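Visitor: Could you walk me through this protein model?
Guide: Gladly. Let us look at it together.

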Amino acid sequence: MGTKENIHSDLVWYKRVALEVLWGVSYLIGCMPRWFRFGILRPFIVAILRLIGYRKAMIIKNLTNSFPEKSEKERAEIMRASYNTLAEAIVTTISLAASDKKQYDNVVEWVDLEGHISRNKGQDWVAMAAHFGSWEYYPMWGRVDKEVSFLAVYHPLRSEVFEHFYRRMRSKLSPNVEIVPMKNTVRRYVTKRKNGETAVLGLISDQSPLMRADSKWIDFLNQKTLFVEGGERIAMKFGLPVYFVDSERIEYGRYRIRFVEIYDGKEQVEEGVITRRYAEKLEAMIRRSPELWMWSHNRWRHTPEKQAKKFGATTLK
């Protein structure tokens, strides 16, 4: 992974200073007791988010289109609760700067831990996750299964300082966690295979992808939706099992995570089936706990109408 110095050597000096300040503050917060981080800091962040109305219009729009059957009051309650989740995600993410401390070894309860490790021993597999709850916890799988290399696939950020912060934080989660830019996923995985290393590919698959002429639409939360297809393509190309990452909040900062198989790596399926299975599992999880999904994203910026206007055709599936 390299040392801290050469990882950040491409930053100009003042951005390095900003990075170190951000890291230092985050580390101090991470060392604080739980009651401070979630009992004081989290509500403080919630108050700020609500005061500035963080992406309020986007959240209202997404909730209205996703849950037309709910009353305005019910959707407003979900929005208020979603600010709590966003604040929680901020606190848990910056706290991971101190993730080598013992207090972070029990923030995730892995369902059927030994069984899942046994079933996939010596086998590569794909974990398809979402922006749900404290999603930065997912790469912690590298802490419990030390025989695998966990490839944490991510989309690089525009801010260089935050980009480097996240890279350092994720690299720190475990020695066998490797951060991989999305565009380098296949290349890096092939290298792992050639080296005889067992790899787990962790992908956040609920992002809004680039729209193509052959992009396929999936019915998701009452809307035609595009999904990132990278997880399916890699699984089909290399015959890898695919697991949906089902997450459940136990309490603020603590989650119960289970891996639900949606493809065994051998089944003959048509193109798009794995992604649709992922979308179905994700929708069920969101309907179970809608306040835990990240509603502030511009998830539905693409539509079949825009596709038809740009490419002259649509592919409805």
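Guide: Start with a definition: a residue counts as buried when its relative accessible area is under 20%, and as exposed when that area is over 50%. In between, a residue is partly exposed. Keep in mind that this is a predicted model.

Visitor: Is R170 buried or exposed?
Guide: R170 lies in helix α8, residues 160–172. Its relative accessible area is 14%. The cut-off for buried is under 20%. Because 14% falls under that cut-off, R170 is buried.

Visitor: Which residues does R170 touch, leaving out those up to four places away in sequence?
Guide: Sequence neighbours up to four places away are not counted here. That leaves E136, Y154, V177 and I179.

Visitor: How many residues of strand β4 are buried?
Guide: Strand β4 covers residues 177–181. The strand has 5 residues and is mostly covered. The number buried is 4.

Visitor: Which residue in β4 stands opposite L151?
Guide: Strand β3, residues 149–154, runs parallel to β4. The two are joined by 5 bridges. Opposite L151 stands E178.

Visitor: Which residue in β8 is the bridge partner of M128?
Guide: Strand β2 spans residues 125–129, and β8 spans residues 242–251. They run parallel, with 3 bridges between them. The partner of M128 is F244.

Visitor: What is the phi of G253, in the turn between β8 and β9?
Guide: β8 pairs with β9, residues 254–263, in the antiparallel sense over 9 bridges. One pairing joins Y243 to E261 in β9. The two strands form a hairpin with 2 residues between them. In the turn, G253 has a positive phi of about 85°.

Visitor: Which helix gives the most to the largest nonpolar core?
Guide: This core has 89 residues. M140, F220, L282, I286, W293 and W295 touch the most other members. The helix that gives the most, with 8 residues, is α5.

Visitor: What does L282 touch, not counting residues up to four places away in sequence?
Guide: L282 is one of the core residues that touch the most other members. Its contacts include A130, D206 and F220. The others listed are F227, F244 and W293.

Visitor: Is V12 buried, partly exposed or exposed?
Guide: V12 is found in the loop between α1 and α2. V12 also helps make a nonpolar surface patch of about 620 Å², with W13, Y14, V17, V21 and V25. Its relative accessible area is 38%. Because that value lies between 20% and 50%, V12 is partly exposed.

How values were computed. Residues are numbered from 1 along each chain as its sequence is written. This is a predicted model: local features need pLDDT of at least 70, side-chain atom pairs count only at pLDDT 80 or more; totals for chains, interfaces and linings use all residues. Side-chain values use heavy atoms; hydrogens and water are left out. Patches are made of residues with over 30% relative accessible area and no salt bridge: like charges are joined within 9 Å, nonpolar side chains (Val, Leu, Ile, Met, Phe, Trp, Tyr) within 5 Å. Accessible areas come from the Shrake-Rupley method with a 1.4 Å probe; for residues, only the protein chains shown count as cover. A salt bridge is a side-chain nitrogen of Lys or Arg within 4 Å of a carboxyl oxygen of Asp or Glu. Buried means under 20% relative accessible area, exposed over 50%, partly exposed in between (1.4 Å probe, protein chains only). Two strands pair if DSSP finds at least two bridges between them. A nonpolar core is a set of buried Ala, Val, Leu, Ile, Met, Phe, Trp, Tyr and Cys residues joined through side-chain atoms within 4.5 Å. Contact means heavy atoms within 4.5 Å.
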